[in-house]
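Visitor: I'd like a quick tour of the charged contacts here. Can you walk me through them?

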Amino acid sequence: MPAPRPAPTPAEAPAGTRPAWAALVEEVREAGRYPTRAEAERVTRVVLSALGGHVIGDERVDLAQALPEEAARVVASQIPATRPLTAAEFVDSVAARIEGATPATARWDVSSVLSVLPSLVGDDLVTRVLDRLPSGYALLFGRADLTPAA
């Protein structure tokens, strides 16, 4: 009898299906080494909320459609930011939303959430999102921040 096939990763899920909120939170918990699911869930909500104000246009719609429904609501419910934030300012804005956070812990939190998105929503969509954000965000998504030579 063949060995059972492992469950598909969120990016391998059949078209038209959304990954589960619990699966997203668990990936964040593992990536960030959070001791509890509740802490990972809190960080996920804060980071996605902050991101939701900075991703606009088709990328925002596509991101919301690719995320679990609960995460999609968090992203889509944000009012678009009046000005784009640098990656450092984005991390600082997350730090301001988390009690007791420092820029270093907020960077960890942001990276713990954003670095799981490529496997969840696909590399192509993450590339499109990064193309719309100021330079410097790639590292937060777990990617090299390559800039073209002048």
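Guide: Happy to. Keep in mind that this is a predicted model. A good place to start is a network of salt bridges that links Arg37, Glu41, Arg45 and Glu70.

Visitor: Where do glutamate 41 and arginine 37 lie?

Guide: Their side chains meet in a salt bridge, at 2.8 Å from N to O. The two residues are 4 residues apart, about one turn of the helix. Both of them sit in helix 2 (residues 37–52).

Visitor: Is glutamate 41 buried or exposed?

Guide: Its partner arginine 37 is partly exposed, at 37% relative accessible area. Glutamate 41 has a relative accessible area of 19%. The cut-off for buried is under 20%, so glutamate 41 counts as buried.

Visitor: How many residues apart are arginine 128 and glutamate 59?

Guide: These two side chains meet in a salt bridge, 3.4 Å from N to O. Arginine 128 is in helix 8 (residues 123–132) and glutamate 59 is in helix 3 (residues 57–66). The pair links distant parts of the chain, 69 residues apart.

Visitor: And which of these applies to glutamate 59: buried or exposed?

Guide: Arginine 128 is partly exposed, with 30% relative accessible area. Glutamate 59 comes in at 10%, which makes it buried.

Visitor: What about glutamate 89: which residue does it form a salt bridge with?

Guide: Glutamate 89 is partly exposed at 29% relative accessibility. Its partner is also partly exposed, with a relative accessible area of 46%. The closest N and O atoms are 3.3 Å apart, and the partner is arginine 83.

Visitor: How many salt bridges does the structure hold?

Guide: We've looked at a few of them. The total is 9.

Key
Residues are numbered from 1 along each chain as its sequence is written. This is a predicted model: local features need pLDDT of at least 70, side-chain atom pairs count only at pLDDT 80 or more; totals for chains, interfaces and linings use all residues. Side-chain values use heavy atoms; hydrogens and water are left out. A salt bridge is a side-chain nitrogen of Lys or Arg within 4 Å of a carboxyl oxygen of Asp or Glu. Buried means under 20% relative accessible area, exposed over 50%, partly exposed in between (1.4 Å probe, protein chains only).
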